[in-house]
Amino acid sequence: MLHYVTMSVTRVHVTEREQYLAQIDRLVHSQVLHGSESLCKLLRYLAEHALDHPGSALKEYQIATEIFGRPANFDSQSDSTIRVQVGRLRLKMAEYYTSEGADDPIQVEMPKGTYVLSFHRREGTAARLRAVSQSGQHEEIAAEAKAEGKWKVAFLVLLVTLIVASTAVAFWLEHNSRRADRASESVPPAFATFWKNFVSGPEEPWVIFSNGAFVGRPETGMRYFDPARDSRDQILEHYTGVGEVLAIHALDHTFGLLRRQIRVKRGSLLSLDDVKNNDTIFVGSPAENLTLRDIPSTEDFIFRALDSGPRKGDLAIVNVHPQSGEAAYWVGSASHANLVEDYSVIALVRGLNPAKSVLILAGTTTIGTQAAVEFVCQQNSLEEMLPRLQISDSGELKPFEAVLRVKVTRGVPVESQIVALRSGKP
């Protein structure tokens, strides 16, 4: 005699918390955050706090000591590490939702002025409705319509079409409304003044990033190309530092605020005609951005390898005409030690074509270069520097050169300070 056992299968209920944590996992394992271990750790911490303590605010001190291992005497006024890291995470999250996460059902945000995450469902987006309309529901509708008659096919197809069309129209209206809102946002005066030379021309400015020549490969060892002993045929790779990559991202964001685009090109592909015919922003020092050696560059603060003393061979910024209280040169942490200090140059100089502007943003290391770019892409630092610069009657900046001292923590520039400046050069 056979006994039949009836089994019931119930759907496992996924809690809202699990859905939100799953969305955090998507962000952590995305290409946008790939390799950013500290940002991923920060994101998970902020998510768990938001879910475990809803409505509870977070302080910089708490994040600094619990996530970044800062000592109990951590002072947020003198150490901006947390603000820098949180700002980067906020940008990375925004980038994720405009690329690989565009169709995710849940959006994670961190409003400015707070360190608390918020979670929003995005089920009403046009992308999700398109996905639903193109899913297995089409097959169900078709099967049902076939069984009940052709008239129902036409009716259901029309109904689906109207739903999708109305959703698309709503999405289009909302999208254009948001674009209008962004367009109406006022540009901070500091940005408008500092970048005027680069946004007022008919063409987008060129951004030239360093592209130093190396021989060898990463798996066997790489070193700078030495023309005295290496053949150009041995150049197998070109290298661009992480600081330059983050710098390009910061510039792109800034010019987006200014409602202009930039054109990006690596230094090894730049021609002198490019410099003559375009406003140009150089990212990286002459040690890496070799094109700077072929055009007019800085006159007061020059990059040069030290030829004597205990730091012989290290790249420094030489002070050609030291003023009272200034050093003869500035050099960051020794090449064999942890990088905790670097120096950078920010300079607006006369180019090959006087009608075009040339801006140089460069550090003695890739982290210093990143700091120089971030300095001119942040409102508070621009507002600090602009009163010390000279502006023409037409509202354009006159040429200047400045040196920054950069404090570095765990490979991140956390604080920059002007230590020397020359403004109003002829």
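## A buried ring pair to start with

Phenylalanine 255 is buried, at a relative accessible area of 0%; "buried" here means under 20% relative accessible area, with exposed over 50% and partly exposed in between, using a 1.4 Å probe and protein chains only. Its ring partner is tryptophan 195: the centres sit 5.2 Å apart and the planes make 65 degrees, so this pair is edge-to-face. For ring pairs of Phe, Tyr and Trp (the six-membered ring of Trp), the centres must lie within 6.5 Å, and planes under 30 degrees apart are called stacked, over 60 edge-to-face and the rest tilted. Tryptophan 195 also counts as buried, with 0% relative accessibility.

The two rings come from distant parts of the chain, 60 residues apart: tryptophan 195 is in the loop between α8 (189-194) and α9 (196-199), while phenylalanine 255 belongs to helix α10. Helices (H or I, at least four residues) and strands (E, at least two) are DSSP runs, numbered from the N terminus. Ring pairs also tie Phe194, Trp195, Phe198, Phe255 and Phe400 into a cluster.

## What kind of model this is

This is a predicted model, in which local features need pLDDT of at least 70 and side-chain atom pairs count only at pLDDT 80 or more, while totals for chains, interfaces and linings use all residues. Residues are numbered from 1 along each chain as its sequence is written, and side-chain values use heavy atoms, with hydrogens and water left out.

The protein chain has an average pLDDT of 79, and 77% of the residues score at least 70; pLDDT is the predictor's confidence in each residue, from 0 to 100. Over residues 125-153 the pLDDT is below 50, and this stretch has 22 contacts in the model beyond near neighbours in sequence. A contact means heavy atoms within 4.5 Å. Residues 179-184 also stay under 50, with two contacts beyond four places in sequence.

## The seven-stranded sheet

Which order do the strands of the open seven-stranded sheet take? They run β7-β3-β8-β13-β12-β14-β15, with mixed pairing; two strands pair if DSSP finds at least two bridges between them. β7 (263-266) and β15 are the edge strands, each pairing on one side only. From one strand to the next, the twist averages 20 degrees. Axes are lines fitted to C-alpha atoms (for helices, over the stretch in contact), and angles between N-to-C directions run from 0 to 180 degrees.

At the β15 edge, β14 (residues 400-409) and β15 (residues 412-423) pair in the antiparallel sense over 10 bridges. They make a hairpin with two residues between them, and arginine 410 in the turn has a positive phi of about 50 degrees. Across the pair, glutamate 401 stands opposite arginine 422, and valine 406 stands opposite serine 416.

## Helices on the sheet

Helix α10 (residues 242-257) lies across β3 (206-209), β7 and β8 (280-283), and runs at about 150 degrees to β8. Helix α12 (residues 366-376) packs on the sheet too, touching β8, β12 (341-350), β13 (357-363), β14 and β15, with its direction at about 55 degrees to that of β12. How many residues of α12 are buried? The count is 11 of the 11, so the helix is largely enclosed by the rest of the structure. The buried residues include polar names such as Thr366, Gln370 and Glu374.

## Two nonpolar cores

The largest nonpolar core has 39 residues, and those with the most contacts inside it are Phe194, Trp195, Leu251, Ile281, Val376 and Met385. Such a core is a set of buried Ala, Val, Leu, Ile, Met, Phe, Trp, Tyr and Cys residues joined through side-chain atoms within 4.5 Å. Helix α12 gives the largest share, six residues. Leaving aside neighbours within four places in sequence, tryptophan 195 touches Leu251, Thr254, Phe255, Leu258, Ile281, Leu359, Val376, Cys377 and Leu382.

Apart from that core lies another, of 32 residues, among them Leu42, Ala50, Ile67 and Tyr97. Tyrosine 97 is buried at 7% relative accessibility, and tyrosine 96 is buried at 3%. Their ring centres are 5.0 Å apart with planes at 80 degrees, so they too form an edge-to-face pair. The whole structure holds seven aromatic pairs.

## A small second sheet

Three strands make an open antiparallel sheet in the order β9-β10-β11. Its edge strands are β9 (301-305) and β11 (329-330), each pairing on one side only. β10 (residues 315-319) pairs with β11 over two bridges, and isoleucine 317 stands opposite tryptophan 330 in β11.
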